[in-house]
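Please walk through this structure with me, beginning at its central sheet and moving outward to the helices and the empty spaces between them.

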Amino acid sequence: MNDLQKNKNKEAGLIFLIGFMGCGKTTLGRKLASRMGYPFIDLDHVLEAKAGMTIAEYFSAHGEDAFRKLESEILKETDYPENAIISTGGGLPCFFDNMQWINGRGRSIYIQLPPKTLAQRLSNEKNQRPLLRDKQGDALVKFIAEKLEEREPFYKRASIIANGLGLNAERTEEMIKATV
Ligand code: S3P
(Lines give C-alpha, C1' and ligand atoms only; values in the text may rest on other atoms or scores of the structure.)
Protein backbone atom coordinates (compact mmCIF):
# COMPACT_ATOMS: atom_id res chain seq x y z
CA MET A 1 0.00 0.00 0.00
CA ASN A 2 1.47 3.40 -0.90
CA ASP A 3 1.27 6.53 1.29
CA LEU A 4 -1.66 7.90 -0.70
CA GLN A 5 -3.79 4.77 -0.14
CA LYS A 6 -2.75 4.56 3.51
CA ASN A 7 -3.70 8.20 4.15
CA LYS A 8 -6.88 8.29 2.07
CA ASN A 9 -9.22 8.66 5.00
CA LYS A 10 -7.04 10.79 7.24
CA GLU A 11 -8.15 14.38 7.78
CA ALA A 12 -5.86 17.06 6.37
CA GLY A 13 -6.03 19.67 9.18
CA LEU A 14 -5.32 23.24 8.15
CA ILE A 15 -3.80 23.66 4.70
CA PHE A 16 -2.43 27.13 3.90
CA LEU A 17 -1.90 27.98 0.23
CA ILE A 18 0.94 30.43 -0.24
CA GLY A 19 2.69 32.08 -3.17
CA PHE A 20 2.95 35.21 -5.26
CA MET A 21 -0.08 37.23 -6.37
CA GLY A 22 -1.67 35.54 -9.38
CA CYS A 23 -0.35 32.02 -8.66
CA GLY A 24 -3.91 30.72 -8.21
CA LYS A 25 -4.28 30.42 -4.43
CA THR A 26 -7.92 31.49 -4.42
CA THR A 27 -9.07 29.62 -7.53
CA LEU A 28 -7.25 26.42 -6.65
CA GLY A 29 -8.17 26.79 -2.98
CA ARG A 30 -11.89 26.93 -3.76
CA LYS A 31 -11.76 23.87 -5.98
CA LEU A 32 -9.60 21.95 -3.54
CA ALA A 33 -11.89 22.76 -0.63
CA SER A 34 -15.00 21.62 -2.48
CA ARG A 35 -13.24 18.46 -3.66
CA MET A 36 -12.07 17.57 -0.16
CA GLY A 37 -15.32 18.65 1.53
CA TYR A 38 -13.62 21.28 3.70
CA PRO A 39 -14.48 24.93 4.23
CA PHE A 40 -12.50 27.49 2.23
CA ILE A 41 -11.19 30.58 3.96
CA ASP A 42 -9.67 33.48 2.00
CA LEU A 43 -7.69 35.60 4.46
CA ASP A 44 -7.72 38.60 2.08
CA HIS A 45 -11.53 38.52 2.26
CA VAL A 46 -11.52 38.12 6.04
CA LEU A 47 -9.33 41.22 6.22
CA GLU A 48 -11.56 43.22 3.90
CA ALA A 49 -14.65 42.25 5.91
CA LYS A 50 -12.94 43.22 9.17
CA ALA A 51 -11.56 46.50 7.82
CA GLY A 52 -14.83 47.35 6.07
CA MET A 53 -12.95 48.29 2.89
CA THR A 54 -11.00 46.70 0.04
CA ILE A 55 -7.28 46.00 0.38
CA ALA A 56 -6.54 48.72 -2.17
CA GLU A 57 -8.54 51.21 -0.07
CA TYR A 58 -6.82 50.05 3.12
CA PHE A 59 -3.37 50.53 1.55
CA SER A 60 -4.15 54.07 0.48
CA ALA A 61 -5.81 55.03 3.76
CA HIS A 62 -3.28 53.47 6.19
CA GLY A 63 -0.17 52.42 4.23
CA GLU A 64 1.62 49.09 3.85
CA ASP A 65 3.04 48.80 7.41
CA ALA A 66 -0.43 49.01 8.97
CA PHE A 67 -1.70 46.51 6.39
CA ARG A 68 1.04 44.00 7.27
CA LYS A 69 0.22 44.27 10.98
CA LEU A 70 -3.48 43.76 10.42
CA GLU A 71 -2.81 40.88 8.01
CA SER A 72 -0.67 39.12 10.63
CA GLU A 73 -3.28 39.67 13.37
CA ILE A 74 -5.97 38.22 11.14
CA LEU A 75 -3.84 35.18 10.34
CA LYS A 76 -3.31 34.47 14.03
CA GLU A 77 -6.72 35.44 15.41
CA THR A 78 -9.05 33.79 12.93
CA ASP A 79 -11.10 31.05 14.52
CA TYR A 80 -10.24 28.10 12.26
CA PRO A 81 -12.23 24.88 12.04
CA GLU A 82 -10.38 21.59 12.46
CA ASN A 83 -9.93 21.12 8.71
CA ALA A 84 -9.85 23.91 6.14
CA ILE A 85 -8.19 25.15 2.98
CA ILE A 86 -6.91 28.68 3.55
CA SER A 87 -5.62 31.08 0.93
CA THR A 88 -3.25 33.80 2.10
CA GLY A 89 -2.19 37.17 0.67
CA GLY A 90 0.98 36.97 -1.44
CA GLY A 91 3.10 38.95 1.02
CA LEU A 92 1.82 37.38 4.23
CA PRO A 93 4.42 34.58 4.62
CA CYS A 94 7.24 37.14 4.30
CA PHE A 95 6.47 39.33 7.32
CA PHE A 96 6.94 38.86 11.07
CA ASP A 97 6.92 35.21 12.19
CA ASN A 98 3.92 34.41 9.99
CA MET A 99 5.55 31.52 8.13
CA GLN A 100 6.65 29.87 11.35
CA TRP A 101 3.14 30.35 12.75
CA ILE A 102 1.58 28.78 9.65
CA ASN A 103 3.79 25.72 9.77
CA GLY A 104 3.17 25.32 13.50
CA ARG A 105 -0.59 25.43 13.08
CA GLY A 106 -0.98 23.31 9.94
CA ARG A 107 0.73 22.65 6.64
CA SER A 108 1.57 24.94 3.76
CA ILE A 109 1.73 24.54 0.01
CA TYR A 110 3.82 26.93 -2.08
CA ILE A 111 2.37 27.27 -5.58
CA GLN A 112 5.45 28.10 -7.60
CA LEU A 113 5.27 29.86 -10.97
CA PRO A 114 7.82 31.78 -13.07
CA PRO A 115 7.62 35.62 -13.21
CA LYS A 116 6.52 35.72 -16.88
CA THR A 117 3.53 33.46 -16.22
CA LEU A 118 2.60 35.49 -13.14
CA ALA A 119 2.81 38.73 -15.13
CA GLN A 120 0.55 37.31 -17.88
CA ARG A 121 -2.01 36.22 -15.34
CA LEU A 122 -1.86 39.50 -13.46
CA SER A 123 -1.91 41.95 -16.34
CA ASN A 124 -5.73 42.07 -16.44
CA GLU A 125 -6.39 42.32 -12.75
CA LYS A 126 -3.51 44.30 -11.34
CA ASN A 127 -5.67 47.30 -10.49
CA GLN A 128 -6.98 45.55 -7.38
CA ARG A 129 -3.37 45.07 -6.23
CA PRO A 130 -1.76 48.19 -4.86
CA LEU A 131 1.81 46.90 -5.33
CA LEU A 132 1.33 46.39 -9.07
CA ARG A 133 -0.96 49.21 -10.05
CA ASP A 134 1.51 51.42 -11.91
CA LYS A 135 3.50 48.65 -13.67
CA GLN A 136 3.08 47.03 -17.05
CA GLY A 137 4.92 45.07 -19.77
CA ASP A 138 8.62 44.43 -19.09
CA ALA A 139 8.53 46.61 -15.97
CA LEU A 140 5.85 44.34 -14.50
CA VAL A 141 7.89 41.18 -15.23
CA LYS A 142 11.02 42.80 -13.74
CA PHE A 143 9.19 43.89 -10.60
CA ILE A 144 7.73 40.41 -10.12
CA ALA A 145 11.11 38.72 -10.69
CA GLU A 146 12.78 40.95 -8.07
CA LYS A 147 10.01 40.60 -5.50
CA LEU A 148 9.86 36.86 -6.04
CA GLU A 149 13.59 36.53 -5.43
CA GLU A 150 13.17 38.42 -2.17
CA ARG A 151 10.15 36.33 -1.13
CA GLU A 152 11.14 32.83 -2.21
CA PRO A 153 13.27 32.08 0.88
CA PHE A 154 10.03 32.45 2.88
CA TYR A 155 7.80 30.62 0.41
CA LYS A 156 10.28 27.77 0.23
CA ARG A 157 9.79 27.04 3.91
CA ALA A 158 6.44 25.50 2.89
CA SER A 159 5.70 21.88 3.77
CA ILE A 160 5.03 21.16 0.08
CA ILE A 161 6.43 22.99 -2.95
CA ALA A 162 4.15 22.48 -5.95
CA ASN A 163 4.86 23.40 -9.56
CA GLY A 164 1.92 25.69 -10.36
CA LEU A 165 2.03 25.02 -14.13
CA GLY A 166 -0.94 22.80 -14.91
CA LEU A 167 -1.61 22.23 -11.21
CA ASN A 168 -5.18 21.14 -10.47
CA ALA A 169 -7.18 20.31 -7.37
CA GLU A 170 -6.92 16.56 -7.90
CA ARG A 171 -3.11 16.61 -8.03
CA THR A 172 -2.94 18.95 -5.04
CA GLU A 173 -5.18 16.67 -3.00
CA GLU A 174 -2.89 13.75 -3.85
CA MET A 175 0.13 15.70 -2.63
CA ILE A 176 -1.66 16.54 0.62
CA LYS A 177 -2.82 12.97 1.19
CA ALA A 178 0.66 11.61 0.49
CA THR A 179 2.07 13.69 3.34
CA VAL A 180 -0.52 13.63 6.17
C1 S3P B 1 -0.11 41.31 -1.70
C2 S3P B 1 -0.95 40.33 -2.22
C3 S3P B 1 -2.41 40.45 -2.23
C4 S3P B 1 -2.89 41.35 -1.09
C5 S3P B 1 -2.16 42.67 -1.12
C6 S3P B 1 -0.65 42.53 -1.03
C7 S3P B 1 1.36 41.11 -1.76
O8 S3P B 1 -3.01 39.17 -2.10
O9 S3P B 1 -2.72 40.72 0.15
O10 S3P B 1 -2.52 43.30 -2.31
O11 S3P B 1 2.09 41.79 -1.04
O12 S3P B 1 1.81 40.23 -2.53
P13 S3P B 1 -3.09 38.08 -3.30
O14 S3P B 1 -1.79 37.34 -3.36
O15 S3P B 1 -4.21 37.18 -2.86
O16 S3P B 1 -3.39 38.83 -4.54
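**From the sheet to the pocket**

In this predicted model, strand β1, which spans residues 14-18, is joined by four bridges to strand β4, which spans residues 107-112, and the two strands run parallel. Within this pairing, Ile15 has Arg107 of β4 as its bridge partner. Strand β1 also pairs with β3, again in the parallel sense and over four bridges, and here Ile15 stands opposite Ile85 of β3. Ile15 can thus serve as a landmark when one traces the sheet, with Arg107 in β4 as its bridge partner and Ile85 in β3 opposite it.

Stepping back to the whole sheet, one finds five strands arranged as an open sheet in the order β2-β3-β1-β4-β5, with parallel pairing. The edges are taken by β2 (residues 40-42) and β5 (residues 160-163), and because each of these has a single partner strand, one side of each is left without a neighbour in the sheet. From one strand to the next, the twist averages 25°.

How many of the five residues of β1 are buried? Five of the five are, and β1 is therefore largely enclosed by the rest of the structure. The cover extends to both faces of the strand, since Leu14, Phe16 and Ile18 are buried on one side, while Ile15 and Leu17 are buried on the other.

Strand β3, which covers residues 84-87, contains Ser87, and this residue counts as buried because its relative accessibility is 1%, where the cut-off for burial is under 20%. If residues up to four places away in sequence are set aside, Ser87 touches Leu17, Lys25, Thr26, Phe40, Ile41, Asp42 and Leu43. One of these contacts, Thr26, is 61 residues from Ser87 in sequence, yet the two C-alpha atoms are 5.8 Å apart in space.

On the helical side, α7 (residues 137-155) is the element in which Glu152 is placed. Is this acidic side chain's residue, Glu152, buried or exposed? With a relative accessibility of 16%, Glu152 counts as buried, because the value falls under the 20% cut-off. Its contacts, not counting residues up to four places away in sequence, are Tyr110 and Gln112, and the side chain of Glu152 makes a polar contact of 2.5 Å with the side chain of Tyr110. Helix α7 is also included in what covers the buried residues of α6; in that helix, which spans residues 115-122, the buried residues are Thr117, Leu118, Ala119 and Leu122.

Between α6 and α7 runs a loop in which Gln128 lies, and Gln128 counts as exposed because its relative accessibility is 53%, where exposure begins over 50%. Gln128 is separated from Lys10 by 118 residues in sequence and by 38 Å in space, taken from C-alpha to C-alpha.

We turn now to the empty spaces. The largest pocket holds about 640 Å³ of space. Its lining comprises 30 residues, of which Met21, Asp44, Ile55, Gln128 and Arg129 are the closest to its centre, so that the exposed loop residue Gln128 reappears here by virtue of its place in that lining. The elements that contribute two or more residues to the lining of this pocket are α2 (residues 25-36), α3 and α4, and α4 gives the most, with six residues.

There is also one cavity of 30 Å³ or more, and the space within this largest cavity is about 50 Å³. Its lining is made up of Leu43, Asp44, Leu47, Phe67, Glu71, Ile74, Leu75, Gly89 and Leu92. Two or more of the lining residues come from each of α3 (residues 43-51) and α4 (residues 55-77), with α4 giving the most, at four residues. Helix α4 is thus the leading contributor to the lining of the largest pocket as well as to that of the largest cavity, and Asp44 appears both among the residues closest to the centre of the pocket and in the lining of the cavity.

How values were computed: Residues numbered from 1 in each chain as written. Predicted model: local features only at pLDDT ≥ 70, side-chain atom pairs only at ≥ 80, totals over all residues. Heavy atoms only, no water. Pairing = 2+ DSSP bridges. Axes fitted to C-alpha atoms, helices over the stretch in contact; angles between N-to-C directions. Buried < 20%, exposed > 50% of the residue type's maximum accessible area, 1.4 Å probe, protein only. Polar contact = N/O pair within 3.5 Å; in protein donor to acceptor, adjacent residues only side chain to side chain. Contact = heavy atoms within 4.5 Å. 1 Å grid on protein atoms, 1.4 Å probe; cavity = no way out; pocket = protein on both sides within 12 Å on 5 of 7 lines; lining within 4 Å. Points joined across faces, edges and corners; volume = space filled by probe spheres on them.
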